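Let's take a stroll through this structure together. Have a look at the sequence and the 3D view, and then we'll start with the place where the chains meet.

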Number of protein chains: 2
Amino acid sequence: MKSKKSDSKIDNVRHSLAHLLAMAVLEMDNKAKLAIGPTIENGFYYDFQFSNGFKLTKEDLPKLEKKIKYYIKQDIKFKHFEMSPYDAREKFKNQPYKLELIDKIVDYGEKLSFYQSRDFIDLCGGEHITSTKEINQNAFKLTSIAGAYWRGDEKNKMLTRIYGVAFEDKAELDEYMKIQEEAEKRDHRKLGKELELFTFSDEVGAGLPLWLPKGTIIRDELEKLAKETEKKSGYQYIVTPHITKKKLYEISGHIPYFNEDLYSPIDIEGEEYYLKPMNCPHTHMIYKSKTRSYRELPLRLAEYGTVYRFERSGTLHGLMRARGFCQNDAHIYAQPEKAVEEFINVLKMHKYYYNILGIKDWYVALGIRDKGNINNKYHGDNKMWEEAEKLTKLALDESGIKYVIKEGSAAHYGPKADVIIKSIIRKEYALGTNQLDLYMPRRFNLVYTDKDGKEKMPYIIHRAPLGSHERMVGFLIEHFAGAFPLWLSPVQVKILPIADAHKDYAKEIFERLKTNNIRVELDDNNETLGKKIRQGKIEKVPYMLVIGDKEIADKKITVESRDKKDFGSQNIETFIKKLKKDITNRTL
Amino acid sequence: MKSKKSDSKIDNVRHSLAHLLAMAVLEMDNKAKLAIGPTIENGFYYDFQFSNGFKLTKEDLPKLEKKIKYYIKQDIKFKHFEMSPYDAREKFKNQPYKLELIDKIVDYGEKLSFYQSRDFIDLCGGEHITSTKEINQNAFKLTSIAGAYWRGDEKNKMLTRIYGVAFEDKAELDEYMKIQEEAEKRDHRKLGKELELFTFSDEVGAGLPLWLPKGTIIRDELEKLAKETEKKSGYQYIVTPHITKKKLYEISGHIPYFNEDLYSPIDIEGEEYYLKPMNCPHTHMIYKSKTRSYRELPLRLAEYGTVYRFERSGTLHGLMRARGFCQNDAHIYAQPEKAVEEFINVLKMHKYYYNILGIKDWYVALGIRDKGNINNKYHGDNKMWEEAEKLTKLALDESGIKYVIKEGSAAHYGPKADVIIKSIIRKEYALGTNQLDLYMPRRFNLVYTDKDGKEKMPYIIHRAPLGSHERMVGFLIEHFAGAFPLWLSPVQVKILPIADAHKDYAKEIFERLKTNNIRVELDDNNETLGKKIRQGKIEKVPYMLVIGDKEIADKKITVESRDKKDFGSQNIETFIKKLKKDITNRTL
């Protein structure tokens, strides 16, 4: 159990519960090797390596819970003390993972801190409570059990991790469990598979999504929205390659500042090339490809560009954290005196998109310099920093968007305004970042000739309001629980003929919708209507059209809608008109 | 001078002219080192390393030509003989490049063949004429001079290459020179720069185009055409990553069969990943991502996917031969009995596209096995080969498309039908390849459940009728000499107000066209009308609208069209209507 010191009472409870969990496990498998048991958001976990043949499953968790509740009632005390490295190594000589941790702590020059309850001693840097009596036994729960590699590294041994949560009172726990249940139902990895939106393949590699036809439709619709909006706002499109000479990243400073995000280089005729981790340097090269005049500014160069950034396999998470992703990227080169106005327009574009997508809960985290650490992490031009921070705040204030300041979260080349969106299940995701960049023009020597005939440097705005396709679609899956609004739905209408005799008319309706560019499927399987409707509901199709004798006789359709608003018998023309209106307006 | 033996008289003339060129150069720089002087299409070249301080420019070529004509008149004889390696090395001891060639020829176990004219002896595997009298002195020309790396390798010394052409008679030479002149004017690299379609950057790397906004519009229009056409034909879209585990290419057999096209691997957590050289294996993994029924077939999975293939820097040629390119790719998985029908539909789609693009001169080169070499290069299932070749021919015959059979040009996994298009300047380009593939389903274990409940393997059709954006746009630039038809033109209309007083009305017209989705630019620079029109012509804009007093008074526009058909004074609505019709119909 190792974590940062904390004064929070509930955090101490969580540390202590991890400790009690280890005690309980040892009662069942006294030869278990203990690895690590930190607190996490809302709770804690503990990693174990069980004895040969011993196994725990989800079904065993209530048993462990009962044991822990028993300890709680016993009023067990926690005693804190420190040990010398020698004593600690002696004490844990049969616990190889603890020995590794001890070595690491000693290497860092930190003290070895321990807690004892009865005769069980565990290594723990966090603070414990004094007695188990301080734990509300109705406000904790062991939630799940899973495999986890030691140190998160695939090459290490797979351990068993037991997760728990703990709160101040039962109401909080209940609320949490309710959200968790909803979160599980909405998990984008689960829904992505069920709805056939994307897949992963061992042969292709972890973190590299393969977009299936239905998922590709959602990407394409988002891209269409972006291009439509951006074209109206004077953006122009470019396409740049996915690999590039090392030289380019040395110019940008991403080597060395961004080294850990880069994949290993590719050798081409003795020269090192890198997969591109961002589109900026390429866009700057396009800016530089000709002499620029103030008449061309603001020059807004956009690219839905796929970038590749290294992520440890242990941190990958479906579409939300992938190794390759396609960004809604653009760079705006503006005259300095016009930069704030441009930035405000960019922020307005965020609002516009999020309104369309029904994302209401979002804010900006403005990362500025950590003033105590200026020379280490950031470029050294103080005046430039001040100007960039001032202008960014000015734009944010003007925009009326809620923002919080995070000292120390700036990029090495300037402040960044990260957009944080919150999903219905209360998860926060950093969707994209906006930057007012005064620094890169200098590194790339980007200039324009101003009205007065003088050569000047533009300011650059980096922006990606729709983030990446990967993270945005992952988010939207959870946001809509897979029930996408009509304009985003991969299949907008399903036609369900009741019997063979109805297939011809069904086909006719199908063709009619298709001609009107509605994404339509005809379910002419020989199944019962009930089964067809159930299937359509699983697929979360917005509308199903039932075709039977009555519909053919009346030359009408019966509409079954996903949101339970039963449209009933309708004229096909009226229905198509309504669909087209909702698609064009991107109605939620 | 080294080349394959040939019986063609004109080829012998070309060999002999290269020989005479070397003689002529040695008269000007008697210490020049001679490298290599092979024949090429329509002519020959010779690479030299001149003495320190000696230089030749384009202006010197007539002098050399005159010298060669003088030799021709002299009736100089060519004497053929062979030498031992020892004698040859002694003879050429001051000619380091010749020594390298001698070593190579000896290594290959070939004889050392020489030709002598007067006292000049050159190494040459090709056949010469007997006397210079056989050369028509009016039918040859030295055409250009350029730098060339020894053995085409950037790391070697840069030599000077002199190019020449030679024909049977003067008429042929004149015709060739005319085409060359046209080719130079149409060179896509020159026009691509002038029209601001694409650029390259030393910092990004050779063979990696950066698409500028105007070039991106052309790509996007082609992509729109493809998606529109393919969607109507039942294609579905996917997106797959640009890097992949080695494993996938081992399954496909691209490792080892395609090794030389692969870039060096990227290491991710100890595993080798490659840049994808083709999209097929990824598409197969998507096919495999669920169980498939005959009801889903033919399954047509399309991706405009960017692939990366190694090309030596010396062979790169603008967009026509790049290191990364984006293919109009799709793979069709069909029941075997439906495969020919699908293949015919694919071929029809080629016709449809090429009609739209005005490409009239094209044919298919059908690569089949070289039967003398079966076990080396191709998979070993004879029955499968016969079936694949039979069905491919059947489809080609049915389609009515002209095709030639090329024995030995099959892929390792099956026959391939390469589409060859010819440009107006008589260059031939392989645009894309179609394959009826019976083999990959076996390697990937791709199956479907047929109507009879049995598990069967589909046949796959690989196709890319629009080739890659890179090669297609490069071709179209030369094809249209940069004057793209309206629907492909990056700027469709330019508005030219004559003076300041006309700018408001010009702006009004500009907005009106923009609202109608016409790509329009307003040239409100303070230049003369003449200069504005000249600029518009350089940019090859289809229509220019002149706005002056008369136009404002009449509430009309004056249309100046690129193709000289002066539209004169027009009503704006009529003009917009005509534009929209031509854009929708993709009128040439």
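How many residue pairs are in polar contact between chain A and chain B? The count is 22, taking pairs in which both residues have a pLDDT of 80 or more. That pLDDT business comes up because this is a predicted model.

**Where the chains touch**

Let's stay with this interface for a bit. On the chain A side, 59 residues are in contact with chain B, and chain B brings 59 residues of its own. The size of an interface is often given as the accessible area lost when the parts come together. Here, chain A and chain B bury about 4700 Å² between them. Of that area, 59% is on carbon and sulfur atoms. Who chips in on the chain A side? A:Glu203, A:Val239 and A:Glu269 supply 14% of the area that chain A buries against chain B, which is more than any other three residues do.

Charged partners show up here too: there are six salt bridges across the interface of chain A and chain B. One of them links B:Arg295 to A:Asp524, and the closest N and O atoms of this pair are 2.9 Å apart. If you want to find the element that gives the most to the side of chain A touching chain B, go to helix α7 (residues 213-232) of chain A, which contributes six residues. Sorted by class, that side of chain A has 26 nonpolar, 14 polar and 19 charged residues.

**A little sheet in each chain**

Now zoom in on some strands. In chain A, three strands make an open sheet in the order β12-β14-β13, with antiparallel pairing. At its edges sit β12 (243-245) and β13 (266-268) of chain A, each pairing on one side only. The twist from one strand to the next averages 40 degrees. Within this sheet, β13(A) and strand β14 (residues 271-275) of chain A run antiparallel and are joined by three bridges. You can spot A:Ile268 standing opposite A:Glu271 of β14(A).

Over in chain B, three strands also form an open antiparallel sheet, in the order β12-β14-β13. Its edge strands are β12 (243-245) and β13 (266-268) of chain B, and each has pairing on one side only. Neighbouring strands of the chain B sheet are turned by 40 degrees against each other on average, ignoring direction. Here, try looking at the β12 side: β12(B) pairs with strand β14 (residues 271-275) of chain B in the antiparallel sense, over three bridges. B:Thr244 stands opposite B:Tyr274 in β14(B).

**Some backbone oddities**

Most residues other than glycine have a negative phi, and most peptide bonds are trans. So which spots here go the other way? For phi, look at B:Glu269: this residue is not a glycine, and yet its phi is positive, at about 50 degrees. You'll find B:Glu269 in the loop between β13 and β14 of chain B.

For peptide bonds, the table has two cis examples.

| Peptide bond | Form | Omega |
|---|---|---|
| A:Leu297 to A:Pro298 | cis | near -10 degrees |
| B:Leu297 to B:Pro298 | cis | near -10 degrees |

Where do these prolines sit? A:Pro298 is in the loop between α10 (280-287) and β15 (299-308) of chain A. As for B:Pro298, its place is the loop between α10 (280-287) and β15 (299-308) of chain B.

How values were computed. Residues numbered from 1 in each chain as written. Chains lettered and ligands numbered in written order. Predicted model: local features only at pLDDT ≥ 70, side-chain atom pairs only at ≥ 80, totals over all residues. Heavy atoms only, no water. Pairing = 2+ DSSP bridges. Helix = DSSP H or I, 4+ residues; strand = E, 2+ residues; numbered from the N terminus. Axes fitted to C-alpha atoms, helices over the stretch in contact; angles between N-to-C directions. Contact = heavy atoms within 4.5 Å. Buried area = accessible area lost by both parts, 1.4 Å probe. Salt bridge = Lys/Arg side-chain N within 4 Å of Asp/Glu carboxyl O. Polar contact = N/O pair within 3.5 Å; in protein donor to acceptor, adjacent residues only side chain to side chain. Nonpolar A, V, L, I, M, F, W, Y, C, P; charged D, E, K, R; others polar.
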